[in-house]
Amino acid sequence: MKLTKEMLDKVRDIEGFPIGKDEDIIELSDPPYYTACPNPFINEFIEKYGKPYEEEKDDYNCEPYTADVSEGKNDPIYNAHSYHTKVPHKAIMRYILHYTKPGDIVFDGFCGTGMTGVAAQMCGNPDPEFKLKVEKEFEKEGKKVEWGARRAILGDLSPAATFIAYNYNTPVDVEKFKKEAERILKEVEKECGWMYETIHTVEGVPQRDVEGNVIKGKINYTVWSDVFICPNCSNEIVFWDAAVDKDDGKVLDEFKCPQCGAKLTKTSLERAWRTVYDKALGETIKQAKQVPVLINYTVGKKRYEKKPDKFDLELIQKIEEMDIPYWYPTDRMPEGEESRRNDKIGITHVHHFYTKRNLWVLSALYNYKIMPKFYWIINSVQNYINKKQSFKGGGGGVTGTLYIPSLVEEKNVLNVLKRKLDKIGLIRSILANFKNVNYITTQSTVLLKQFSDNSIDYIFTDPPFGDNLMYSELNFLWEAWLKVFTNNKTEAIINKVQRKGLHEYQELMEKAFSEMYRILKPGRWMTVEFHNSKNAVWNAIQEAILKAGFVIANVRTLDKKQGSFKQVTTTTAVKQDLIISAYKPKEGFIKRFLKEAGTEEGVWDFIRQHLEKLPVVIETNGKLDIIPERQEYLLYDSMIAFHIQKGATIPMSAAEFYEGLKKRFIERDGMYFLPDQAAIYDTKRLKLELNEQLAFIIQDEKTAIQWLKYKLLNKPMTYQEIQPMFLEELKQLRYEKLPELLDLLQENFLQDEAGRWYVPDVNKQADLEKLREKRLLKEFEEYKNVPGRLKVFRTEAIRAGFKNCWKNKDYETIVKIGEKLPENVVQEDQTLLMYYDNAVTRLGG
């Protein structure tokens, strides 16, 4: 198929249409499978392969995937191309196998390198060892694996990302490709190989062969060092000479000036500068001075090291004075804190990130009209062959940055590519068996115009997480060589230069999740992998998912050290990777709920359908886990959240909810089940003990009460017994007006004749809840009259007040009190954020 300018015109108004000339977008694309713009062929793909959704005939039933997923990052497929973040495809395969059947369509709107597509294809072609491993895992869970390829639609805002994804997901004749790539490398080596030659010397003496000719070696890498000025004697200091311990290659924190002996640190030095004429820009520029200090080279099969000599310095100078005869990118680095971090050292344009010879070799390689797979290979080593690569540092320099170190390792581009091609052989059988069943689109997920409603069977995605990574800035070097750039208008990040804060980030993520909600079939699942260390960003993501219409059924944290998941009981868990399982409710339920909204029937209808979607049994190390989502307080929170997101009033208090829950559903170990689920749980419970190791951190009143319930449920204790344990777990938030432990016990628990505190039965608990709610609302009323901001307060009183205001449609008070609270408190408390955000929306904000 052909991609024409007329077709581009039809998708040009879709958010995320990239920046670049039409001819470059068309040149980069491979329609219909991949377009470096919004893919106009997607609807045809869905019509051809998709299965229409009919709720009356739909028998899909699946609970969230909760088994441990442990996959390393040493797989040759995973390592074929670097990227800022990646989820191993074998980990994603388990989710796809759990939630889908062969032939189903999977979507990933933040696809990065396209691992979701690789996983979908690999479900039809797993390696035998992995196949057996997964079958055993599923068998343990009482399930059978349905092998067979799934089809995937992958999207990303970045042309660099979608280009990488396209090459990962497209079949290739590996032998033919390798042969052609090696031919081109030989051609370029004939032309440019002399640039990496050096004279073989021993103790400074050039070595000669039997015929008396000087022996030359092939450079593997050259180390370049920053040059500074000594503040004491004003002489130049080569950082390598003064600050590096040559024996172990470590940089010293403190060192002496070689000229005057003054004690120095790197931060006390000023840079030395060089002024050069940049022919590409047609102007004189000033750059931080770097000089070559070490050459690592090979003669025969043996490696040697030497200090650059006259020959080496003259060779570098000769290359500097010559003109590169091919095109190479000279784009100005875009505005951004990361992309322009090197302006201060004179690295302002794309070509400045390379030494002259490496730039020459790269431009020579790009000059060949070769198959996209070779461009992909060249792109995959970009970070290893530019000035980001530090001496003895990690491959590609500091992850997630464009930082240029003081000691740069200039690698031989031709050697790096040869090694990369050898590694490609490791994945030849896998790539050769891929079929063209995946479509890739370059666009924003905030508008999926080419996708019809209820057309996707499952979504797995790993979205941007706040301000951790500046994707469009980091991808600029890749995209400059591709000549097509990210349109970052709808890039979902927190970025000062783009004037995007947490609110704008949440808004963009909400639009993206709303589109995912629209295209996902009802009753189906979305898995979101999320990495962040900030509660506010996690809450923004969670709020965006809920506002889009999804219901979160399970959140687990991935313990990378153990390769296992743990239940989330507090938001402090976001310091690890989160796996969020959310579902789209059935259309019939939504229609029914909207009729019943604000009634008791609506509450219990929601709880019934929600319990259906929750995991029934989670087993870890031979023990049953407590499932927090099945406990009364999280069921209550889920019910409240669903009502608020639908704009409905909440028809009952917490006490009434807990009482109704006990009457209508079956309780086991503090969790609630539907009858058929209880039978499954009981069967398992007879065989396995309950895992009591549920990690709680007490930081506010709500978590304190849950911790006490958890401790006192099966073992009543006296104040004296419980107090030391309570204080050990207490990590009180500085703004939290937390009641004393005795007050917490008196307000929420009862005492027996022996003075031991215990969890009351449901009727007495309801009475306690009513009394407590009155006290909380009384305190909330006092906050209304406090002038200025609230510095210390009882968060539970704010929550109770917000709930009461919502019930009375008093959105103004919610917003007014919300603005009195410290901004980070609202952002970092999921419940407060939910009430405040929705109240602002109701007031037209």
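In the predicted model, strand β3 (residues 151-156) and strand β19 pair in the parallel sense, and four bridges connect them. Within this pairing, L154 has I440 of β19 as its bridge partner. Strand β19, which spans residues 439-442, is also joined to strand β1 (residues 34-35), again in a parallel arrangement, here through two bridges. In that case the bridge partner of T35 is T441 of β19. Both faces of β19 are covered. Y439 and T441 lie on one side of the strand and I440 and T442 on the other, and all four of these residues are buried. The two β19 residues named as bridge partners, I440 and T441, therefore belong to opposite sides of the strand and are both buried, that is, under 20% relative accessible area.

A second region of interest is the packing around helix α31, which comprises residues 830-842. The axes of α31 and helix α18 (residues 535-547) come within 10 Å and cross at roughly 50°. The two helices are therefore oblique to each other, and α18 passes α31 in a right-handed crossing. On the α18 side, the contact is made by N539, A540, Q542, E543, L546 and K547; on the α31 side, Q830, L833, M834, D837, N838 and T841 take part. By class, this contact of α18 with α31 contains four nonpolar, five polar and three charged residues.

Helix α21 (residues 632-645) also packs against α31, with axes that come within 10 Å and cross at roughly 10°. Because angles under 35 degrees count as roughly parallel, α21 is assigned that orientation relative to α31. I640, A641, I644 and Q645 of α21 form the contact with M834, Y835 and N838 of α31. The residues of this contact of α21 with α31 divide into five nonpolar, two polar and no charged. M834 and N838 of α31 thus appear in the contact with α18 as well as in the contact with α21.

Elsewhere in the model, L281 is found in the loop between strands β14 (273-278) and β15 (283-288). The relative accessible area of L281 is 23%, so this residue is partly exposed. Not counting residues up to four places away in sequence, L281 touches T330, H349, H351 and H352. In addition, L281 and R332 are 51 residues apart in sequence, whereas their C-alpha atoms are 10.0 Å apart in space.

Terms used: Residues are numbered from 1 along each chain as its sequence is written. This is a predicted model: local features need pLDDT of at least 70, side-chain atom pairs count only at pLDDT 80 or more; totals for chains, interfaces and linings use all residues. Side-chain values use heavy atoms; hydrogens and water are left out. Axes are lines fitted to C-alpha atoms, for helices over the stretch in contact, and angles run from 0 to 180 degrees between N-to-C directions. Angles under 35 degrees count as roughly parallel, over 145 as roughly antiparallel, 65 to 115 as roughly perpendicular and the rest as oblique. A crossing is left-handed if the near helix is turned anticlockwise from the far one by less than a right angle, and right-handed if clockwise. Contact means heavy atoms within 4.5 Å. Ala, Val, Leu, Ile, Met, Phe, Trp, Tyr, Cys and Pro count as nonpolar, Asp, Glu, Lys and Arg as charged, and the others, Gly among them, as polar. Buried means under 20% relative accessible area, exposed over 50%, partly exposed in between (1.4 Å probe, protein chains only). Two strands pair if DSSP finds at least two bridges between them.
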